[in-house]
Amino acid sequence: MRKSKRKSNNVDTLIADGTCINGDMSFSGALFVDGEINGEVKGDTEKQSVLSIGVHGKIKGNISTPYAIIFGQVDGDVYVTEKIDLKPGAKINGDLYYKVIEMNAGAEVNGKMVVVGDPKALEHKAEEAQADNSSVRSEETHQEAVEAEPAKA
C-alpha cells in the first residue's frame, strides 16, 4: 500500500452556515467556518492548523494560524505564519501578515500587507535595494552636474 504525502482534506471542526459563535476560540487540526465568529481565532502552530473560511463565513476579530484558505470575509487583522490562500470573493478588512501568499483575482485586502519570515532574507533584499538606490542617486547627481555646466561655444 502506498501512503500519500498530500495533506488530508478532512475537517476536524465545522461551524456551519447559520451558526454564530460569540467569544474567542482556539483550535488544532482543520477548522472550517461557514457561519460567523465574533472573537479572536487562534490555530495551534505546533499541529500546523488550517483555517478555512467558506463563502458564507465571516470572522469579526483577529486571526492567528499557520495556514488559511479564505473564500469569505474577515473584519480584523490576519497573522499567517506559513501560507494564506485568498480565493475569489475573499475580503479582509484589516492588516494581513503572511510568509507566503496566493491571491486570486477578485480577492481584496483593505489594509496593509506585510511579509514576515526569515529576517536575514529580508535584510539581503534591503541591502540590494539600497545599493540600487545609491547607484541611481550617483547617476542623478552626475546628470545634474552636467546640466549645470555653462555651455561652451
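**Burial, pairing and contacts in a predicted model**

Q: Why does Thr 65 count as buried?
A: The relative accessibility of Thr 65 is 1%. Buried means under 20%, so Thr 65 is placed in that class. The model is a predicted one, and this value is computed from the model's atoms.

Q: What makes up the surroundings of Thr 65, leaving aside its neighbours within four places in sequence?
A: Thr 65 is found in strand E9. Contact requires heavy atoms within 4.5 Å; by that criterion Thr 65 touches Phe 27, Gly 43, Ser 49, Val 50, Leu 51, Tyr 79, Val 80 and Thr 81.

Q: What makes the set that includes Val 41, Leu 51 and Ile 70 a nonpolar core?
A: Membership requires buried residues of the nonpolar kinds, joined through side-chain atoms within 4.5 Å. The largest such core has 24 residues, and those with the most contacts inside it are Val 41, Leu 51, Ile 70, Ile 84, Leu 86 and Ile 92. Strands E3 (25-27), E4 (30-33), E7, E9 (63-70), E11 and E13 each give two or more residues to this core. The largest share, four residues, comes from E11.

Q: Which residues does Val 41 contact, leaving aside its neighbours within four places in sequence?
A: Val 41 is in contact with Met 25, Phe 27, Leu 31, Leu 51, Ile 59, Asn 62, Ile 63 and Ser 64. Leu 51, one of these partners, is also listed among the core residues with the most contacts.

Q: What is the order of the strands in the open sheet, and what is their pairing?
A: The order of the six strands is E2-E5-E8-E10-E12-E15, and the pairing is parallel. Strand E2 (20-22) and strand E15 (108-109) have a single partner strand each, so one side of each lacks a neighbour in the sheet and these strands stand at the edges.

Q: How do you know that strand E8 and strand E10 pair?
A: Pairing requires at least two bridges between the strands. Three bridges join E8 (residues 58-60) to E10 (residues 73-75), so the requirement is met. Lys 60 stands opposite Asp 75 in E10.

Q: Is Lys 60 buried, partly exposed or exposed?
A: Lys 60, in strand E8, has a relative accessible area of 38%. Partly exposed covers the range between the 20% and 50% limits, so Lys 60 belongs there. Leaving aside its neighbours within four places in sequence, Lys 60 is in contact with Glu 36, Ile 37, Asn 38, Gly 39 and Asp 75.

Q: What is notable about the phi of Gln 48?
A: The phi of Gln 48 is near 55°, a positive value in a residue other than glycine. Gln 48 is found in the loop between strand E6 (41-43) and strand E7 (50-53). Its relative accessibility is 35%, so Gln 48 counts as partly exposed.

Q: Why is the pair Glu 102 and Lys 83 called a salt bridge?
A: The criterion is a side-chain nitrogen of Lys or Arg within 4 Å of a carboxyl oxygen of Asp or Glu. The closest N and O atoms of Glu 102 and Lys 83 are 3.3 Å apart, so the pair qualifies. Glu 102 lies in strand E14 (residues 100-103) and Lys 83 in strand E11 (residues 78-86), so the bridge ties together parts that are 19 residues apart in sequence. Glu 102 is partly exposed at 35%, and Lys 83 is partly exposed at 32%.

Q: Which other salt bridges involve Asp 85 and Asp 95?
A: The structure holds six salt bridges. One of them joins Lys 87 to Asp 85, with the closest N and O atoms 3.0 Å apart. Asp 85 is buried, its relative accessible area being 10%. Asp 95 forms a salt bridge with Lys 112, the closest N and O atoms being 4.0 Å apart. Asp 95 lies in the loop between strand E12 (91-93) and strand E13 (96-98), and Lys 112 in the loop between E15 and strand E16 (113-115), 17 residues apart. At 17% relative accessibility, Asp 95 counts as buried.

Q: What is the confidence across the chain?
A: The average pLDDT is 83, and 71% of the residues score at least 70. Over residues 1-7 the pLDDT is below 50, and beyond near neighbours in sequence this stretch has one contact in the model.

Key
Residues are numbered from 1 along each chain as its sequence is written. This is a predicted model: local features need pLDDT of at least 70, side-chain atom pairs count only at pLDDT 80 or more; totals for chains, interfaces and linings use all residues. Side-chain values use heavy atoms; hydrogens and water are left out. pLDDT is the predictor's confidence in each residue, from 0 to 100. Buried means under 20% relative accessible area, exposed over 50%, partly exposed in between (1.4 Å probe, protein chains only).
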